[in-house]
Amino acid sequence: VSRQSTGLFTMPQASGGVPASRKSKSASPPPLHTSLNGLCYLVGSQIRFLVSNLNKKNFKNTVGEIRHLIQLYGNEAHIYLLRCLVEQVDLRSQGQKDQPKVQLLNSELANISEKPNFITIILQSLQSVSTIGEDFVSHFSKVLKLSFLQELLISVAMAHSSDSHIKSEGKVSIRFSLNPLILCRP
């Protein structure tokens, strides 16, 4: 079984042949790291499932279950939730069809914006998101109706990325955000 990493949570991929779980017939339990990988996979799958199926009718119950998972599994589960939300909200359509997801993402950003590790959480959440394109921060900010400070902090987080594309987008966004302030100086 090969694995595809999506940050903390590792998703198993079929590799043909007999699954690794059926190859060994020993009665001994799997090593601890294997059990933890399985648990991370299950938690990640559940978060992704809940976000994918989020709608107005199930919003309250689904958000409650998501928050319970975050409380149980910590910062990594929270980062994965943010990553799923960013990936699944269609920024080009102004988030209209994804309103429950936009509402949850707004709520989560508000919750973490007061934390001292806000930039780190945002950076880790965006690190492997494939939907980051040109003007990402601008579209993201418009859809979520972010404050100037939140938009700037997200841009700063992106500028610290090890991914050159994300880093470049962050720097461009910082320049764009600060340019009016610089031009208004006496």
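**Helices, core and salt bridges in a predicted model**

Of the 186 residues in the protein chain, 38% are buried. The model is a predicted one. The chain exposes about 11100 Å². Carbon and sulfur atoms supply 56% of that area. The secondary structure comprises nine helices and two strands. In sequence order the pattern reads β-β-α-α-α-α-α-α-α-α-α. Contacts between distant positions are frequent: among contacts with a separation of 6 or more, 64% join residues 24 or more positions apart.

The largest nonpolar core has 42 residues. Within this core, I47, L126, F136, F140 and I154 touch the most other members. Several helices contribute: α2 (32–52), α3, α4 (75–88), α5, α6 (118–126), α7 and α8 each supply at least two residues. Helix α4 gives the most, with eight residues. The contacts of L126 show how one core residue is surrounded. Leaving out residues up to four places away in sequence, L126 touches V86, I132, F136, I154, M158 and I166. Two of these partners, F136 and I154, are themselves listed with L126 among the residues that touch the most other core members.

Helix α4 was examined next. Its 14 residues should span 20 Å at 1.5 Å a residue, and the end C-alpha atoms are 20 Å apart, so the two values agree. The helix is mostly covered, with eleven of its 14 residues buried. The buried residues are A77, H78, I79, Y80, L81, L82, R83, C84, L85, V86 and Q88. V86 is one of the contacts of L126, and Q88 is touched by S52.

Helix α5 (residues 99–113) has 15 residues. From first C-alpha to last, α5 reaches 21 Å, close to the 21 Å expected at 1.5 Å a residue. Its buried residues are P100, K101, V102, L104, L105, E108, L109 and I112. An α-helix has 3.6 residues a turn, so residues three or four places apart point the same way. The buried set of α5 includes L105, E108 and I112.

E108 lies in helix α5. Is E108 buried or exposed? With a relative accessibility of 3%, E108 counts as buried, because the cut-off for burial is under 20%. Beyond its neighbours within four places in sequence, E108 is in contact with R67, I70, H78, L81 and L82. Of these, H78, L81 and L82 are among the buried residues of α4.

The count of salt bridges comes to two. In one, the side chains of E87 and R48 meet at 3.1 Å, N to O. This pair links distant parts of the chain: E87 is in helix α4, R48 is in helix α2, and 39 residues separate them. E87 has a relative accessible area of 26% and is therefore partly exposed. R48 is also partly exposed, with a relative accessible area of 25%. In the other salt bridge, the side chains of E108 and R67 meet at 2.9 Å, N to O. Here too distant parts of the chain are linked, with E108 in helix α5 and R67 in helix α3, 41 residues apart. The ends of this bridge differ in cover. E108 is buried, at 3% relative accessible area, whereas R67 counts as partly exposed, at 35%.

Another link between distant positions involves S52, in helix α2. S52 and K101 are 49 residues apart in sequence, yet 8.7 Å apart in space, C-alpha to C-alpha. Not counting residues up to four places away in sequence, S52 touches Q88 and K101. At 37% relative accessibility, S52 counts as partly exposed. K101, by contrast, is one of the buried residues of α5.

Two surface features complete the description. L39, L72 and Y73 form a nonpolar patch on the surface. Together they have about 260 Å² of accessible area. Y73 is found in helix α3 (residues 59–73). With a relative accessible area of 34%, Y73 is partly exposed. The second feature is K145, in the loop between α7 (136–144) and α8 (148–159). Its phi is near 55°, a positive value in a residue other than glycine. K145 has a relative accessible area of 72% and is therefore exposed.

Technical notes: Residues numbered from 1 in each chain as written. Predicted model: local features only at pLDDT ≥ 70, side-chain atom pairs only at ≥ 80, totals over all residues. Heavy atoms only, no water. Patch = residues over 30% accessible without salt bridge, like charges linked within 9 Å, V, L, I, M, F, W, Y side chains within 5 Å. Areas by Shrake-Rupley, 256 points an atom, 1.4 Å probe, with all protein chains shown as cover. Salt bridge = Lys/Arg side-chain N within 4 Å of Asp/Glu carboxyl O. Helix = DSSP H or I, 4+ residues; strand = E, 2+ residues; numbered from the N terminus. Buried < 20%, exposed > 50% of the residue type's maximum accessible area, 1.4 Å probe, protein only. Expected span 1.5 Å × (residues − 1). Core = buried A, V, L, I, M, F, W, Y, C linked by side-chain atoms within 4.5 Å. Contact = heavy atoms within 4.5 Å.
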